[in-house]
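Got a structure in front of you and wondering where all those labels come from? Let's take a few of them apart together.

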Amino acid sequence: MKNSISHIKNSLRGKKISVEELYDEFFTKAKSSKTNSFNLLLDKEINIQSIKESQKRYENGNPLPLDGIPLGIKDLFCTKGIRTTASSKILSNFTPDYESFITQKLLDDGSIFIGKNNCDEFAMGSSNETSFFGPVKNPWKNKNVPTDDLVPGGSSGGSAAAVAEGTCVASMGTDTGGSIRQPASLCGIVGLKPTFGSCSRWGIVAFASSLDQAGPLTNSVEDAALILNSINKHDFNDSTSSNHVREDYLYGINDKLDQKIKIGIPSDYLKDVSGDILSQIENTKKALFKHNVEFVDVEFKTTEYALSTYYILAPAEASSNLARYDGIRYGVREEGKTLDDIYLNSRTRGFGDEVTRRILIGAYVLSAGYYDAYYRQAQKVRRLIKDDFQRIFNDVDFILTPTTPNEAFKIGDKLDPISMYKNDIYTVPTSLAGLPGISIPSGLSTNGLPLGIQFIGNYFEEKKLLQIAALAEKELNFNEQ
Amino acid sequence: MSNNWEMVIGLEVHAQLNTSSKLFSSSPNQFGSEPNENVNFIDSGMPGMLPVMNFACIEMAIKTGFALNFNINKYSVFERKNYFYPDLPQGYQISQFEFPILTEGFINIDNPDNQKKIRIERAHLEQDAGKSIHDIDPKFSFIDLNRVGTPLLEIVSYPDLSSAEEVVSYMSSLRQVLMYIDVCDGNMQEGSLRADVNLSVRHKGGELGTRCEIKNLNSFKFIRQAIEYEFKRQIDVIESGGKIEQNTMLFDTSTGETRAMRSKEFSHDYRYFPDPDLLPVNLTQDLIDKVKTLVGELPQAKLDKFIKDYNVDKDIAKIITAEKQNAILFEKMISETDVKPKFIAAWLVGDIFAFIKENNLEVSSLNEKTKEITDLLKLVSDDVISNKAGKEILPRVLNGQGNPSDIVKELGLEQVSDSGELEKIIDESLIGEEENISKFQGGSDRVLGYFVGKCLKATKGKGNPKLINKILLERLKK
């Protein structure tokens, strides 16, 4: 594939292109792009040292795993000396003096950051319309209404749009309830959310700590595996970082399945879906059938509670995580006569509507008298959802679902928060359970828009998960469709 | 004010743990640095920063658990206590709420005529906040985040205390124990140990009244003053027909008065919930057993030992066990000499402590000089030199100006304990004293003192007074 990391590395190795030329090519394209998928582009001067060092490594024949690869970074990762805003007004002047664990690993492996990807404010949104820097446009168009600007999904909407339009080779995103997988699906690319605890959260602006997980948005499953190799490391500075043994996720990714694979399809997920969505699942079944894969119907008992559970727990954590943005030490301060006025003005003007809504919901469900009814109850349901998944994984290797219930929609179309939240109905349960999930593009809708399917694996089984996703990717052959 | 009122008091004591770094960050945990010097990205609440538990704090909590007879809970949870204040950069304090590490402990305190058991409901780990400074500038407040994240153990008693004296006794007993097990430096002036006092009044034996909480008292004097003032205030309110409102009070150290800071209506809703950045604390029995071996001997056990095994008077033993470093010095001296512990104890709390106080020294500074001190005490207890001579040369020994026997030689202070020599001197001193001798024989004991003095003078003070006394009596009774 032309834009795959291995293809680009081959070109760099074979001196068909230099690291600098590669950077220029992507930078120029990004600069002229109208998708608004970056809220900050990094001029070559900022990266020139890294570019030269990378070039030298190619010339010396010892390039690093991601050497010279231009990456986009969701603007939720703190990048040392580079403005980091979470696409919020309140952080619009914030430049951290530290590098997040994940972006440091990416730099250590030779990649070069082309810019910070626009995203929903504090990663709260499913359409990338809540950004202080304005909405991101999906590079795809509805062939029946080509004048409409469509959303790229969210919250890693800038990341997905940038990879889809080819303004970066891959992007690092975060996923709390679907924020990698859903935009990947709506933009026709690959998005991987690893098991919670795989990739350190240190230095990522926190939304909901028990759910946030970093992961790559890429052109191919192979690229996702390559990047996962760089970022999936234990970190002592993140208490929830798992110290399980990491594997080489790229090695053997295209190997033939050596044993029978059983995939569960939750019938309750497919009850009210459109023909377009249903056919993604059917096509996948057909594509994998010849590869020793057996499909079985499975049924969750907890699906209907997942969204409400998520929309209690995530805002609860967010209401507390966002308390530090008070205008006192950094970020935008709006003056006031009293201390309370400074807080009130800074936060009222600094946060957008969706963020404010979630802070209010979060504060409410944690408040005295409501805690037991909401937060504690939601924690119990979360446990049941985890158990529900484990019950199903007792019988199957993977679970296959649509990634989203619909194709990309028009910017401004889903203004009602509840219908927006429903976009994450297939991704949220996985997040609550902490399981890994990957979305790959599976086909086009009748409107000619990309749709995705999601494979869900058991805890820390990313290796197997990437293998089945790579197989499905090959068989579905989306990029040639 | 009628006499049948009594006060009911519970205490929340905040003890800063003397770890080298903070509870959830690697910044130094030390007092007295320049403002905002001990602050890293975690302490200042930067975006994306995460807490990592300092395990030393857990070990200290377990030690405290053993020392204060607590149940040590194998499962405890850090939660977030949410509120806004500029000296709280995260916008929440990480504390333990529903599942504290220690529950149901107690400590015995000494009342004038009995011991009283004070029950302790719980103790939990939490972060200290920073400091807001409002009195440097008329327009601006200043924030010092050095204290942010300092580990605290909050020790919450039941309302078992019923006087200012008991509160002070409880607080000093806690302080003593925490210092013994080396988890807190006990420095109240620097805020290492502070108390919130919950006080209500009632008619003796009657129903509990509404309580008020007096915040942040950091000296025994202030605790006593605040309690006495608040006790009177509450009684006055009730006796003049009013009702006590459940308020949080501040104690004004300049006026000695308490005043309401905020009422319950305006109390915060802290929205506690388990901190998702931290895992629950799961303790293994192995760890608990290991920490148990580090607790060491507690003050009460030491006191009992000093009284029973070393025959030291209770009052003196109490002075020695009051602080761990006293006891360490004492035990070191005992181990290095065959001089009786009781004799050493008397010297320790007498002249040696006086010297330390006069020269503003740490007791522990004498740990290096115990050999010289016990050599000196041996000379005194063996009657080589007089008690008086011992006192005279003690400062030189403590100042390290030579070893005792050299000093004694140099100053010629050995006692004359040769009875032949003393007999000669005594016989000489009795010449021409027929009148006084007959007075003595007629029953006047006072004359004996006169003769001892005369003999001592004749020996230039070096005669062994005990021996002189003995020989004199023999001579005079003849």
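Q: Where in chain A is A:F122 found?
A: This is a predicted model, by the way. A:F122 sits in the loop between β3 and α5 of chain A.

Q: Why is A:F122 called buried?
A: Count its neighbours: there are 33 other C-beta atoms within 10 Å of A:F122. The label "buried" needs 20 or more, so A:F122 is buried.

Q: What makes the backbone of A:F122 stand out?
A: Its phi is positive, about 50°, even though A:F122 is not a glycine. Most residues other than glycine have a negative phi.

Q: Which label does B:N216 get, with 13 other C-beta atoms within 10 Å?
A: Exposed would take 12 or fewer, and buried 20 or more. With 13, B:N216 falls in between, so it's called partly exposed. B:N216 also has a positive phi, about 60°, without being a glycine, and you'll find B:N216 in strand β12 (residues 212-217) of chain B.

Q: What is special about the bond that joins A:G154 and A:S155?
A: It's a cis peptide bond, with omega at about 5°. Most peptide bonds are trans. A:S155 lies in the loop between β3 (112-117) and α5 (157-165) of chain A.

Q: Why are α6(B) and α7(B) called roughly perpendicular?
A: Helix α6 (residues 314-322) and helix α7 (residues 324-335) of chain B pack at about 110°, with their axes 5 Å apart. Angles from 65 to 115 degrees count as roughly perpendicular, so the name fits α6(B) and α7(B). The touching residues are B:I320, B:T321 and B:A322 from α6(B), plus B:N326, B:A327 and B:F330 from α7(B). Sorted by class, that contact has four nonpolar residues, two polar and no charged ones.

Q: How do you know how chain B's radius of gyration stands against that of a compact globule?
A: Put the two values side by side: for 478 residues a compact globule would have a value near 23 Å, but chain B has 30 Å. The C-alpha trace of chain B spans about 95 × 55 × 50 Å along its principal axes.

Q: How many residues of chain B are in contact with chain A?
A: It's 25 residues of chain B, and they meet 33 residues of chain A. On the chain B side, these are 15 nonpolar, six polar and four charged residues.

Terms used
Residues are numbered from 1 along each chain as its sequence is written. Chains are lettered from A and ligands numbered from 1 in the order in which they are written. This is a predicted model: local features need pLDDT of at least 70, side-chain atom pairs count only at pLDDT 80 or more; totals for chains, interfaces and linings use all residues. The radius of gyration is taken over C-alpha atoms; the globule rule is 2.2 Å times the number of residues to the power 0.38. Axes are lines fitted to C-alpha atoms, for helices over the stretch in contact, and angles run from 0 to 180 degrees between N-to-C directions. Helices (H or I, at least four residues) and strands (E, at least two) are DSSP runs, numbered from the N terminus. Angles under 35 degrees count as roughly parallel, over 145 as roughly antiparallel, 65 to 115 as roughly perpendicular and the rest as oblique. Two residues are in contact if their C-beta atoms, placed from the backbone, lie within 7 Å. Ala, Val, Leu, Ile, Met, Phe, Trp, Tyr, Cys and Pro count as nonpolar, Asp, Glu, Lys and Arg as charged, and the others, Gly among them, as polar.
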